[in-house]
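Let us walk through this structure step by step, going from a strand to a single residue and then to a helix. Please keep the sequence and the 3D view side by side as you read.

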Amino acid sequence: MKGLNLEGIKVKKIQLKGEEVILKTKSFLSFVYVVKGKGNLLYDERSIDFTEGKLFIIPQQESYHFESENAALITIECPIEFINKIRLEADRIESCENLYKLQYISNNYHARAGCVFRNKSDEGFAETLILQIAEEFNNKAEDYLIIRNCISILLNLIARNIIQSETSDLQENKKAFSIMKIITYIQQHIKDREKTGLQAIAEHFGISGNYFGEYFKQQTGISYQDYVLDYRLKLVETYLKYSSIRLSEIAYDLQFSDESHLSKLFKKYRGITPGAYRKNMKEEK
């Protein structure tokens, strides 16, 4: 196993020769590409066979077990700072909606589908990009722009294929609603409780509250209320890790009742107080 860390991005080549490799990442968005060979992937008590050319998304803090006699893998880890830079650049150049789906992709769409690609042409293009990224890192290329652009295009390909996959499924049921549009709406209005209330968002998409809740849970695996709370707490984590903003200001900005309410929820669902979390993050840096 060898790799190079450049501006927070990590790329590694892994050769499996009969042993098991456990991958667990702290990065915002991580991928594992199967360059050659075949084997088995275990996660969350599930088992998936993998073959050459497959690409998997690895969520934060989840353990994925890869087993093979002859597989070669490439892993790419993208920190949230890198993703945010790409989003800002997309905003300056043009509206790039695919990049705004990355939060949903990271949290809800990973190895459950076996591979992210539905379009064979995109799958081949992704292979070219990944191999180029790995080569640039291994050669310690000074031209970081090539690496950044390759990863940016790769992220767009992944998002597009997931969206296309969902659109194909939705065409079979005209009454169904796009979960991607709902997720995007939630993220855009997460600081506005009136717009993200279950009844309000159901009305926004023109469906009943009862059906909306059922549809959302069916598509994401968790209830709407749990998703919104978890996403807000993830934003709290980002504030604590990357800023010095006071907890009372964070609570106000993200529409928690008050600082005490935020602290109780954070401790309940993250197992640590906000203050301790911020301290730990600073020590890791």
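In this predicted model, a good place to begin is strand 3 (residues 20-23), along which the side chains alternate: Val-21 and Leu-23 point to one face and are buried, while Glu-20 and Ile-22 point to the other face and are not buried. This fits a general pattern, since in a regular strand the side chains alternate between the two faces of the sheet. Strand 3 runs antiparallel to strand 8, and 4 bridges join the two; within this pairing, Glu-20 stands opposite Glu-67 of strand 8.

Strand 8 (residues 64-68) also contains Ser-68, which is buried, with a relative accessible area of 6%. A polar atom of the Ser-68 side chain lies 2.6 Å from the backbone oxygen of Lys-38, and a polar atom of that side chain lies 3.0 Å from the backbone nitrogen of Ala-71. If we leave aside the neighbours within four places in sequence, the residues in contact with Ser-68 include Leu-16, Gly-18, Lys-38 and Phe-50.

We can now turn to helix 12 (residues 274-284), in which Pro-274, Tyr-277, Arg-278 and Met-281 are buried. These four lie on the same side of helix 12 because they cover an arc of only 95° around the axis. An α-helix has 3.6 residues a turn, so residues three or four places apart point the same way. The buried residues of helix 12 pack against helix 9 (224-242), helix 10 (247-253) and helix 11 (259-270), whereas the face turned away from the buried side carries the exposed residues Lys-279 and Glu-283.

How values were computed:
Residues are numbered from 1 along each chain as its sequence is written. This is a predicted model: local features need pLDDT of at least 70, side-chain atom pairs count only at pLDDT 80 or more; totals for chains, interfaces and linings use all residues. Side-chain values use heavy atoms; hydrogens and water are left out. Buried means under 20% relative accessible area, exposed over 50%, partly exposed in between (1.4 Å probe, protein chains only). The arc is that of the directions from the helix axis to the C-beta atoms. Contact means heavy atoms within 4.5 Å. A polar contact is a pair of N or O atoms within 3.5 Å; within protein, one must be able to donate a hydrogen and the other to accept it, and residues adjacent in sequence count only if both atoms are side-chain atoms. Two strands pair if DSSP finds at least two bridges between them.
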